[in-house]
Amino acid sequence: MGSQDSGDLYVRVCLEALLAEPDIIPAATDVKLGLFKLFHIVCNRNLETSDPSALVDLSVEARLRALPASERQILLLTSLEGFSVADAATILDIPVAEAEALLIDAWSTVNQQIATSILIIEDEPVIALDISSLVADLGHTVVGIAASQTEAVAIFKKTQPGLVLADIDLGAGGSGITAVTEILRMSTVPVIFVTAYPERLLTGERPEPTYLVTKPFESDTLKVTISQALSLTSAGHAKRIAV
């Protein structure tokens, strides 16, 4: 959804709908599948507002705006959430053949996405090289690889990248969260954290806007997250992205 606040709001509204109508997810249904289907049913209703801040006092029916394009939904469901194409088709309420076609179109869009410059904040050389190779295959340019928070901030000041990928634990090099927080004081940049310690990001305050990929990660998961971040950034006044 592009931010923690809006994402939290949409989830809360779906849970309110479930509390009001417990039978909306049949007892025999897989809970995860049922929750995602509920989320998409509610989110895809036609609403008059697209401003999340205006949703707080509205009814359940009117609290959610439409989700991103179907192609992006199918990518997120299959690559990030691990659903099969058949389960994703059930969630989106479309035929499996249509879901398969959407997935092909979605990957085509990812591969054709406008390239940007990327800063990688990662203290493990092998992982940094893997990430660098992956983003290069997508057509992006790596402007620097930082192994410490000090180095990360210095490279960002010099290169002003359009996308940053940051680990959280940089060992002796400090904290990726600290580095990103300082970077965001200079520029509004969406961030993708790639980390083995997601719990450090999911508790308390965190830099916004951010995305999260958990290590060890599949290459498709990181590709889709980069695409999601770039797409939402492009739609939101061309903000830069930090990976």
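**Helix H6 and the nonpolar cores**

On helix H6, the face pointing away from the buried side carries Pro-125, Val-126, Leu-129 and Asp-137, which are exposed. The model is a predicted one, and H6 is a handy place to start reading it. The buried residues of this helix are Ala-128, Ile-131, Ser-132, Leu-134 and Val-135. These sit on the same side of H6, because the arc they cover around the axis is only 165°. That fits the usual helix geometry: with 3.6 residues a turn, residues three or four places apart in an α-helix point the same way.

The length of H6 works out too. The helix runs over residues 125-137, and its 13 residues, at 1.5 Å each, should span 18 Å; the end C-alpha atoms are indeed 18 Å apart, so the two agree. After H6 comes Gly-139, with a positive phi near 95°.

Two of the buried H6 residues turn up again around Leu-222. Setting aside neighbours within four places in sequence, Leu-222 is in contact with Ile-131 and Leu-134, and also with Leu-165, Ile-192, Val-194, Val-213 and Phe-217. Leu-222 is itself one of the residues with the most contacts inside the largest nonpolar core, alongside Ile-74, Ile-192 and Ile-226; this core has 32 residues. A second core, separate from it, has 18 residues, among them Leu-119, Ile-121, Ala-152 and Ile-168.

Further along, Ser-148 sits in the loop that links strand S2 (141-146) to helix H7 (149-159). Its relative accessibility is 19%, so Ser-148 counts as buried, the cut-off being under 20%. Beyond its neighbours within four places in sequence, Ser-148 is in contact with Leu-170 and Gly-173.

Terms used
Residues are numbered from 1 along each chain as its sequence is written. This is a predicted model: local features need pLDDT of at least 70, side-chain atom pairs count only at pLDDT 80 or more; totals for chains, interfaces and linings use all residues. Side-chain values use heavy atoms; hydrogens and water are left out. Helices (H or I, at least four residues) and strands (E, at least two) are DSSP runs, numbered from the N terminus. Buried means under 20% relative accessible area, exposed over 50%, partly exposed in between (1.4 Å probe, protein chains only). Contact means heavy atoms within 4.5 Å. The expected span of a helix is 1.5 Å times one less than its number of residues. The arc is that of the directions from the helix axis to the C-beta atoms. A nonpolar core is a set of buried Ala, Val, Leu, Ile, Met, Phe, Trp, Tyr and Cys residues joined through side-chain atoms within 4.5 Å.
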